[in-house]
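This report describes a calcium-binding region and the helices around it. The sequence and structure are shown below.

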Amino acid sequence: MQKLAFTLAFGLAATGMAFAQSMTELDADGSGALSLAELQVAYPSATEDTFVTIDANADGAVDEAELTAAVEAGTLITDS
Ligand SMILES: [Ca+2]
């Protein structure tokens, strides 16, 4: 049981690290949020409809909180 808890905690930590890196890498113009084009680099299947759904505050950009929520909700799926 203890081993399972450790494995889960380690897995979550690793996912978080990879995610933080990808947000910075995807933000090509350094705006701190992602445009649809930037989002499609990581999620090629994302459409304008997907983008509007993810952009919870409708400011035309997907920030880190919105991206995290979309990934957790399963809205964004990597093709690879
Ligand atoms: Ca937004």
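## Threonine 50 and the EF-hand segments

Threonine 50 has a relative accessible area of 16% and is buried. The residue belongs to helix α3, and beyond its neighbours within four places in sequence it is in contact with Thr75 and Leu76. These values, like the others in this report, come from a predicted model.

In the UniProt record, an unreviewed entry, residues 25–40 and 48–68 are listed under "domain: EF-hand". In the model, the stretch 25–40 is 44% helix and 0% strand, with its end C-alpha atoms 13 Å apart. The stretch 48–68 is 57% helix and 0% strand, and its end C-alpha atoms are 18 Å apart.

## The calcium site

The protein donors of the calcium ion lie 2.3 to 2.6 Å from it. Side-chain oxygens come from Asp55 (OD), Asn57 (OD1) and Asp59 (OD), while Ala61 contributes its O atom and Glu66 is listed twice through OE. Along the chain, these donors follow the spacing D-x1-N-x1-D-x1-A-x4-E.

What is the geometry of the calcium site? The angles among the six donor atoms run from 52 to 158°, and the site is irregular. An octahedral assignment of six donors would require opposite donors over 155 degrees apart and all other angles between 65 and 115. The lower end of the range, 52°, belongs to the site classed as irregular.

Two of the donor residues, alanine 61 and glutamate 66, are buried. Alanine 58, by contrast, is exposed, with a relative accessible area of 64%. Alanine 58 is placed in the loop between α3 (48–54) and α4. Its phi is near 55°, a positive value in a residue other than glycine.

## Helix α4

Helix α4 spans residues 64–73, and its buried residues are Glu66, Leu67 and Ala70. Viewed down the helix axis, these buried residues fall within an arc of 100°, so they line one face of α4. The face turned away from this buried side carries Ala65 and Glu72, which are exposed.

At the N-terminal end, aspartate 63 acts as a cap of α4: one of its side-chain oxygens lies 3.2 Å from the backbone nitrogen of alanine 65. After the helix comes glycine 74, whose phi is positive, near 80°.

Leucine 67, a residue of helix α4, is buried at 1% relative accessibility. Leucine 67 and phenylalanine 51 are separated by 16 residues in sequence, and their C-alpha atoms are 9.9 Å apart in space.

## Aspartate 27 in the loop between α1 and α2

Aspartate 27 is located in the loop between α1 (2–26) and α2 (36–42). With 12% relative accessibility, this residue counts as buried. Not counting residues up to four places away in sequence, aspartate 27 touches Gly32, Ala33, Leu34 and Glu38.

## Accessibility of selected residues

The table collects the relative accessibility of residues discussed above.

| Residue | Relative accessibility | Class |
|---|---|---|
| Threonine 50 | 16% | buried |
| Aspartate 27 | 12% | buried |
| Leucine 67 | 1% | buried |
| Alanine 58 | 64% | exposed |

The classes rest on two cut-offs: buried means under 20% relative accessible area, and exposed means over 50%.

How values were computed. Residues numbered from 1 in each chain as written. Predicted model: local features only at pLDDT ≥ 70, side-chain atom pairs only at ≥ 80, totals over all residues. Heavy atoms only, no water. UniProt positions renumbered as here; feature names shortened; annotations may be inferred. Helix = DSSP H or I, 4+ residues; strand = E, 2+ residues; numbered from the N terminus. Donors = N, O, S within 2.8 Å, 3.2 Å for Na, K, Ca; no water. Tetrahedral: all angles 85-135°; square planar, octahedral: opposite > 155°, others 65-115°. Buried < 20%, exposed > 50% of the residue type's maximum accessible area, 1.4 Å probe, protein only. Arc of directions from axis to C-beta. Polar contact = N/O pair within 3.5 Å; in protein donor to acceptor, adjacent residues only side chain to side chain. Contact = heavy atoms within 4.5 Å.
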